[in-house]
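Reader: I have a structure open and would like to go through it with you. May I ask some short questions as we proceed?
Author: Please do.

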Amino acid sequence: MKDIDNFDVANFHKRIGKNVKKIRTEKKISQLALSQAIGHKSVSVVSYAEIYHKGYHFNLEHLGKIAYALEVDICEFFK
């Protein structure tokens with residue numbers, strides 16, 4: 001079994017944010033529109049989480065709503 005202390009959480013969140021951004025831009029959806037689709041008035045939630053700025057990241061609820069809004073399988077964010 002692998003040592004869990006070696007799991008790189010920051011890179012995990014960065015990969016998810018990068019994949020969300022890639023899919024969002026492919027579908028020509030703005031950060032503001034996506035923020036509103038997941039129930040936030042501010043674009044900062046999406047913009048910060050896409051680049052893991054200041055440790056901000058998407059939680060499972062965000063990812064579920066984003067997958068629904070972008071019409072993709074949530075698994076696409078983890079590839």
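Reader: What pattern does the chain follow along the sequence?
Author: This is a predicted model, and its chain reads α-α-α-α along the sequence. The secondary structure consists of four helices and zero strands.

Reader: How does the radius of gyration relate to what the globule rule gives for 79 residues?
Author: The radius of gyration is 13 Å, close to the 12 Å from the rule, so the chain is as compact as a globular protein of that length. Along the principal axes, the C-alpha atoms fill a box of roughly 40 × 25 × 20 Å.

Reader: And what share of the residues counts as buried?
Author: Of the 79 residues, 27% count as buried. The chain exposes about 5,600 Å², and carbon and sulfur atoms supply 56% of that area.

Reader: What about contacts between residues distant in sequence?
Author: Among contacts with a separation of 6 or more, 55% are accounted for by residues 24 or more positions apart.

Reader: Let us turn to α1. How many residues does α1 have, and how far does α1 reach?
Author: Helix α1 has 18 residues and reaches 26 Å from its first C-alpha to its last, close to the 26 Å expected at 1.5 Å a residue.

Reader: Which residues of α1 are buried?
Author: They are H13, I16, G17, N19, V20, I23 and R24. These residues cover an arc of only 160° around the axis, which puts them on the same side of α1.

Reader: Why would residues three or four places apart point the same way?
Author: An α-helix has 3.6 residues a turn, so residues with that spacing point the same way.

Reader: Then what is on the other side of α1, and what do the buried residues pack against?
Author: K18 and E26 are exposed on the other side of α1. The buried residues of α1 pack against α2, α3 and α4.

Reader: Is there anything to note at the two ends of α1?
Author: At the start of α1, a side-chain oxygen of D8 comes to within 3.4 Å of the backbone nitrogen of A10. Just after α1, K28 has a positive phi of about 55°.

Reader: Now for α4: which residues are buried there?
Author: Helix α4 covers residues 60-70, and H62, L63, I66, A67 and L70 are buried in it. Viewed down the axis of α4, these buried residues fall within an arc of 130°, so they line one face of the helix. The face turned away from that buried side carries the exposed residues L60, E61 and Y68.

Reader: What covers the buried residues of α4?
Author: The cover includes α1 (9-26), α2 (31-37) and α3 (44-51).

Reader: And the ends of α4?
Author: At its start, a side-chain oxygen of N59 reaches to within 2.9 Å of the backbone nitrogen of E61. E71 follows α4, and the phi of E71 is positive, near 60°.

Reader: A change of topic: is S35 buried or exposed?
Author: S35 lies in helix α2. S35 is buried, with a relative accessible area of 0%. Leaving aside neighbours within four places in sequence, S35 is in contact with H40, S42, V43 and V46.

Reader: Finally, where does C75 lie?
Author: C75 lies in the segment after α4. C75 is partly exposed, with a relative accessible area of 46%. Its C-alpha atom is separated by 11 Å from that of L60, and the two residues are 15 residues apart along the chain.

Definitions and conventions
Residues are numbered from 1 along each chain as its sequence is written. This is a predicted model: local features need pLDDT of at least 70, side-chain atom pairs count only at pLDDT 80 or more; totals for chains, interfaces and linings use all residues. Side-chain values use heavy atoms; hydrogens and water are left out. Buried means under 20% relative accessible area, exposed over 50%, partly exposed in between (1.4 Å probe, protein chains only). The arc is that of the directions from the helix axis to the C-beta atoms. Contact means heavy atoms within 4.5 Å. A polar contact is a pair of N or O atoms within 3.5 Å; within protein, one must be able to donate a hydrogen and the other to accept it, and residues adjacent in sequence count only if both atoms are side-chain atoms. The expected span of a helix is 1.5 Å times one less than its number of residues. The radius of gyration is taken over C-alpha atoms; the globule rule is 2.2 Å times the number of residues to the power 0.38. Accessible areas come from the Shrake-Rupley method with a 1.4 Å probe; for residues, only the protein chains shown count as cover.
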